[in-house]
Amino acid sequence: MPDAPAPRPCPCRSGASFAECCRPYLRGTAQAPTALALMRSRYAAFIEGDTAYLLLTRHGAARDPAERRDLERTVAGTRWQNLLVVETHRGGPDDGDGIVRFVAAFRTAPGPLPMAMSGGDADLHQMHERSRFEREGGLWRYVDGDTLPPLRQKRNDPCWCGGGRKSKECH
């Protein structure tokens, strides 16, 4: 009897399988218990092209009718490569708000960048953001984020792009 295929890794790069990590959130069978879990699941939703989840997990006060078109354009024009969580502040199961700072590495389809993003070589870019999350009706929601300058790591840290090399050997 052949071995069963290995479970699909979660796109959020948590190290868990997609079925055990972000998939239940995207399917609506579970709710993210922390701001970090919501941020990771939103990253997975970008990779999966799940704009409905991205809109659902936006804080109500921040929703804009044109946002669906912008999200669809971003999803179509972006290939996400890596997620590096830099730091978190609050955002735990008992908190009402939280902050997650992260770097997402991506490549774009030909044409202008889909949002204000920066860094990297000609084809690889980074989005460095400090995202704010709040509870709305008891559920974690993304409020907004501040775009930060490109992350510059120490020479011997793993590179933000997820390529497996040290920063000094990569970007």
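R90 is located in strand β1, which covers residues 78-90. In this predicted model, R90 has a positive phi of about 55° although it is not a glycine. Most residues other than glycine have a negative phi. With a relative accessible area of 46%, R90 is partly exposed, because that value falls between the limits of 20% for buried and 50% for exposed residues.

A second arginine belongs to this topic. R13 is placed in the segment before α1 (23-27), and its phi is near 65°, again a positive value in a residue other than glycine. R13 counts as partly exposed at 44% relative accessibility. The values for the two arginines are set out below.

| Residue | Place | Phi | Relative accessible area |
|---|---|---|---|
| R13 | segment before α1 (23-27) | near 65° | 44% |
| R90 | strand β1 (residues 78-90) | about 55° | 46% |

**Aromatic contacts**

The structure contains four aromatic pairs. One of them joins W80 and F106, whose ring centres are 5.3 Å apart with 50° between the planes, a tilted arrangement. W80 belongs to strand β1 and F106 to strand β2 (residues 97-108), so this pair ties together parts that are 26 residues apart in sequence. Both W80 and F106 are buried.

Why is the pair of F133 and Y142 edge-to-face? The planes of the two rings stand at 65°, with the centres 5.7 Å apart, so the pair is edge-to-face; the cut-off for this class is over 60 degrees. F133 is buried, as is Y142.

W80 and F106 also belong to an aromatic cluster, together with Y43 and F46. A further ring, that of F18, has the charged end of R8 over it, 4.5 Å from the ring centre.

**Helix α2**

Helix α2 comprises 14 residues, 35-48. From its first C-alpha to its last, α2 reaches 20 Å, close to the 20 Å expected at 1.5 Å a residue. Is this helix mostly covered or mostly open? α2 is mostly covered, with 11 of its 14 residues buried. Among the buried residues of α2 are the aromatic residues Y43 and F46, which are members of the cluster with W80 and F106. The buried set also includes the arginines R40 and R42, as well as A35, L38 and M39. Just after α2, G49 adopts a positive phi of about 75°.

Note on methods:
Residues numbered from 1 in each chain as written. Predicted model: local features only at pLDDT ≥ 70, side-chain atom pairs only at ≥ 80, totals over all residues. Heavy atoms only, no water. Helix = DSSP H or I, 4+ residues; strand = E, 2+ residues; numbered from the N terminus. Buried < 20%, exposed > 50% of the residue type's maximum accessible area, 1.4 Å probe, protein only. Phe/Tyr/Trp six-rings, centres within 6.5 Å; stacked < 30°, edge-to-face > 60°. Lys NZ or Arg CZ within 6 Å of the ring centre and 35° of its normal. Expected span 1.5 Å × (residues − 1).
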